Amino acid sequence: MDFFIDENFNYKQYSGKSILIIGGGPSTAEVNWKNIDVDFKWSCTNFFMNESIFEEKLDLVSLGNLQDFKDRRLLDYLDINPDCKVLFEQNYLYPATLSNNLDFINKYKDRIHYGQLEKSYTGIVGPPARMITLAANLGFKDVYFVGVDGFDPSLKNAHAFTKED
């Protein structure tokens, strides 16, 4: 496997299933992904800022260094959705991120998992692309994704996890 997650992570539940990975790229706000019937949904970082994603029952979210672990919307989402797992990618997590957010870690410790991709997948590809790699390695039968795209040349299309002013 190209991705390691701690031994408490239930890999077997995903074999032969379908998943939708929801990234923050513009296509998340531009296409209708809600009609895709899947067994699991994953997202990342500031997913909770997008109302459509906030309404979804996510199985897993990947959080990292740039996360505001005190953001009320994130905490509310995790409190409302107690089955949602949190993934920290160790190669994208500074020790200070953990030590400065002990309240978050202690509160959600039973559903936090730590993982790491092989070095060949690191770089600026972002969490959604790494989650696609993880899904492929876990044996999902069908992997769908949205929001794993960038900006158009005009830079006028917005990131799906932020609101336009």
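This is a short tour of a predicted model, from the whole chain down to individual side chains.

**Whole chain.** Start with a cartoon of the full protein, coloured from the N terminus. Six helices and seven strands should appear, in the order β-β-α-β-α-β-α-β-α-α-β-α-β. Switch on the surface next: the protein exposes about 9,100 Å², and 51% of that area comes from carbon and sulfur atoms. Of the 165 residues, 45% are buried. Among contacts with a separation of 6 or more, 67% join residues 24 or more positions apart.

**Nonpolar core.** Hide the surface and select W42, F47, F88 and F104. These residues have the most contacts inside the largest nonpolar core, a set of 41 residues. To see what surrounds them, colour the elements that each give two or more residues to this core: the strands β2 (18-22), β3 (40-44), β4 (60-63) and β5 (85-89), together with the helices α3 (72-80), α5 (102-107) and α6 (127-138).

**M49.** Move to the loop between β3 and α2 (51-54), where M49 sits. Is M49 buried or exposed? Neither label applies: its relative accessibility is 24%, so M49 counts as partly exposed, since buried requires a value under 20% and exposed a value over 50%. Now add F161 to the selection. M49 and F161 are 112 residues apart along the chain, yet their C-alpha atoms are separated by 5.3 Å.

**Aromatic pairs.** The whole structure contains 14 aromatic pairs. Select F9 and Y11 for one of them, an edge-to-face pair with 5.6 Å from centre to centre and 80° between the planes. The two partners can be compared on the surface: F9 has a relative accessible area of 3% and is buried, whereas Y11, with 24%, is partly exposed.

Select Y14 and F140 next. Their ring centres are 4.9 Å apart and their planes meet at 35°, so this pair is tilted. Which parts of the chain does the pair link? Y14 lies in the loop between β1 (3-5) and β2, while F140 lies in the loop between α6 and β7 (142-146), 126 residues apart. Y14 counts as buried because its relative accessibility is 0%; F140 is also buried, at 8%.

**Aromatic cluster.** For the last stop, keep F9, Y11, Y14 and F140 on display and add F40 and W42; these residues form one aromatic cluster. W42 was already selected in the nonpolar core, as one of the residues with the most contacts there.

Key:
Residues are numbered from 1 along each chain as its sequence is written. This is a predicted model: local features need pLDDT of at least 70, side-chain atom pairs count only at pLDDT 80 or more; totals for chains, interfaces and linings use all residues. Side-chain values use heavy atoms; hydrogens and water are left out. Helices (H or I, at least four residues) and strands (E, at least two) are DSSP runs, numbered from the N terminus. Buried means under 20% relative accessible area, exposed over 50%, partly exposed in between (1.4 Å probe, protein chains only). Contact means heavy atoms within 4.5 Å. Accessible areas come from the Shrake-Rupley method with a 1.4 Å probe; for residues, only the protein chains shown count as cover. A nonpolar core is a set of buried Ala, Val, Leu, Ile, Met, Phe, Trp, Tyr and Cys residues joined through side-chain atoms within 4.5 Å. Rings of Phe, Tyr and Trp (its six-membered ring) pair if their centres lie within 6.5 Å; planes under 30 degrees apart count as stacked, over 60 as edge-to-face and the rest as tilted.
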